[in-house]
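This report describes the sheet, the helix packing, the ligand shell and two backbone angles of the structure shown below. Please read it alongside the sequence and the model.

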Amino acid sequence: MPDSQNGKTAILAMCGKGGVGKTSLSATIVKILSSNPNNKVLAIDADPAVGLSTALGIEVSKTVDDIRNELIKRVGDGKATDKAEMLSMLDYEMFSALEEHKNIAFLAIGRPEKEGCYCQVNHILKDLIASMADNFDYVVIDGEAGIEQVNRRVMEKVTHLILVSDASRKGLNVVQTIKDVSDDAIDYEKAGLILNRLRNAEEREKLSIPPELNCLGWIPEDDTIRSFDIEGKSILEIDDSPAMAAVKNCLREIGL
Ligand SMILES: Nc1ncnc2c1ncn2[C@@H]1O[C@H](COP(=O)(O)OP(=O)(O)OP(=O)(O)O)[C@@H](O)[C@H]1O
Ligand SMILES: [Mg+2]
């Protein structure tokens with residue numbers, strides 16, 4: 001894998017309509033990037049339904065949300081008031097919430113925060129995740145539909161915005177909206193679209209994709225992904241498949 005980031009962490013955020021394949025493609029990207037043992041990869045599951053952990057076969061013992069709630073409770077009970085004490089507790093808890101498997105680390109965010117509450121805790125968490133990311137070559141964030149959480153909850157800095165859509169008009173409209181919102185809200189370096197679950201090249205030809213969406217390529221409907229999902233098997237166990245080859249090409253297109 002070329003060091004296209006010149007030693008800087010590449011932070012990929014996967015966005016798109018519900019059910020288009022964000023989680024499957026996130027897991028596939030984690031597999032591809034981690035296949036070079038020199039790469040350290042952090043996978044962040046920002047979906048409350050924790051789908052990425054299942055796709056990667058990783059057991060979640062604690063989420064960032066659990067840590068946040070514990071701290072809020074401690075503050076409520078009068079057990080932690082000092083900022084330095086809070087910071088050291090959070091720092092320790094965050095590293096203990098990281099699940100590590102060889103050169104892959106995994107962090108689950110859990111439920112979305114309640115609007116407007118516990119600002120200080122949320123800021124500290126965001127800073128901790130950002131500083132944690134510095135220890136990795138690649139961070140892959142699998143999100144819920146929409147960009148807002150990446151912006152607000154997880155981290156400010158996404159370097160690669162990966163839009164995911166199927167061939168449907170609805171899916172493409174959603175990525176267009178996400179792209180428009182992101183252009184105003186976040187300071188990414190590159191953005192590109194992956195079309196997922198297409199039947200063949202003919203289907204791709206029929207789609208007219210606006211150039212500003214920067215289509216990186218298309219992923220075929222792949223029985224390996226389907227059957228691994230049905231059996232609950234980890235995508236990390238797939239060594240090669242048509243989808244994996246196509247995802248590799250898309251990553252190359254965006255310089256990763
Ligand atoms: N290229 C593919 N070939 C075959 N099946 C696929 C492919 N990509 C995704 N799928 C299947 O499509 C379904 C939805 O995929 P996935 O869960 O990755 O979507 P998602 O965008 O993360 O959904 P959600 O918005 O609910 O989180 C899953 O059953 C998955 O196995
Ligand atoms: Mg998902």
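Strand β1 is covered on both faces: Ala 10, Leu 12, Met 14 and Gly 16 on one side and Ile 11, Ala 13 and Cys 15 on the other are all buried. Put as a count, seven of the seven residues of β1 (residues 10-16) are buried. A residue is termed buried if 20 or more other C-beta atoms lie within 10 Å of its own, exposed if 12 or fewer do, and partly exposed in between, with C-beta atoms placed from the backbone. The division into two sides follows a general pattern: in a regular strand the side chains alternate between the two faces of the sheet.

The model is predicted; local features need pLDDT of at least 70, side-chain atom pairs count only at pLDDT 80 or more, and totals for chains, interfaces and linings use all residues. Residues are numbered from 1 along each chain as its sequence is written, while chains are lettered from A and ligands numbered from 1 in the order in which they are written.

**Overall composition**

The protein chain holds ten helices and eight strands. These elements are DSSP runs numbered from the N terminus, helices being H or I of at least four residues and strands E of at least two. Of the 256 residues in the protein chain, 40% are buried. Among contacts between residues at least 6 apart in sequence, 77% join residues at least 24 apart; a contact requires that the C-beta atoms of two residues, placed from the backbone, lie within 7 Å.

**The sheet**

Eight strands form an open sheet with mixed pairing, in the order β3-β4-β2-β5-β1-β6-β7-β8. Its edge strands are β3 and β8 (215-220), each of which pairs on one side only. On average, neighbouring strands of this sheet are turned by 20° against each other, direction ignored. Two strands count as paired if DSSP finds at least two bridges between them. Several of the pairings are listed here.

| Strands | Sense | Bridges | A bridge pair |
|---|---|---|---|
| β1 and β5 (residues 138-142) | parallel | five bridges | Met 14 and Asp 142 |
| β1 and β6 (residues 160-165) | parallel | five bridges | Ala 13 and Leu 161 |
| β6 and β7 | parallel | six bridges | Leu 161 and Ala 191 |
| β2 (residues 41-45) and β4 | parallel | five bridges | Ala 43 and Phe 106 |
| β3 and β4 | antiparallel | three bridges | His 101 and Ile 104 |

Strand β4 is also mostly covered, with five of its five residues buried. Ile 104, Phe 106 and Ala 108 lie on one side of β4, Ala 105 and Leu 107 on the other.

**Helix packing**

Helix α10 packs on the sheet, where it touches β7 and β8, and its direction makes about 175° with that of β8. Axes are lines fitted to C-alpha atoms, for helices over the stretch in contact, and angles run from 0 to 180 degrees between N-to-C directions.

The axes of α1 (residues 22-34) and α10 (residues 242-253) come within 10 Å and cross at roughly 75°. That angle makes α1 roughly perpendicular to α10, a label applied from 65 to 115 degrees, whereas angles under 35 count as roughly parallel, those over 145 as roughly antiparallel and the rest as oblique. Leu 25, Thr 28, Ile 29 and Ile 32 of α1 meet Ala 243, Met 244, Val 247, Lys 248 and Leu 251 of α10. By class, the residues of this contact are seven nonpolar, one polar and one charged. Ala, Val, Leu, Ile, Met, Phe, Trp, Tyr, Cys and Pro count as nonpolar, Asp, Glu, Lys and Arg as charged, and the others, Gly among them, as polar.

**The shell around ligand 1**

Which residues come nearest to ligand 1? Of the 19 residues around ligand 1, they are Gly 21, Lys 22, Thr 23, Ser 24 and Asp 229; a residue is near a molecule if its C-beta atom, placed from the backbone, lies within 6 Å of it. Helix α1, strand β7 and helix α9 (223-231) each supply at least two residues of the shell. The shell comprises five nonpolar, seven polar and seven charged residues.

**Two positive phi angles**

Lys 102 is not a glycine, yet has a positive phi of about 50°. Lys 102 lies in the loop between β3 (99-101) and β4 (104-108), a hairpin with two residues between the strands. Lys 102 is exposed, with 10 other C-beta atoms within 10 Å. Arg 197, likewise not a glycine, has a positive phi of about 65°. Arg 197 is placed in strand β7 (residues 190-198) and is buried, with 23 other C-beta atoms within 10 Å.
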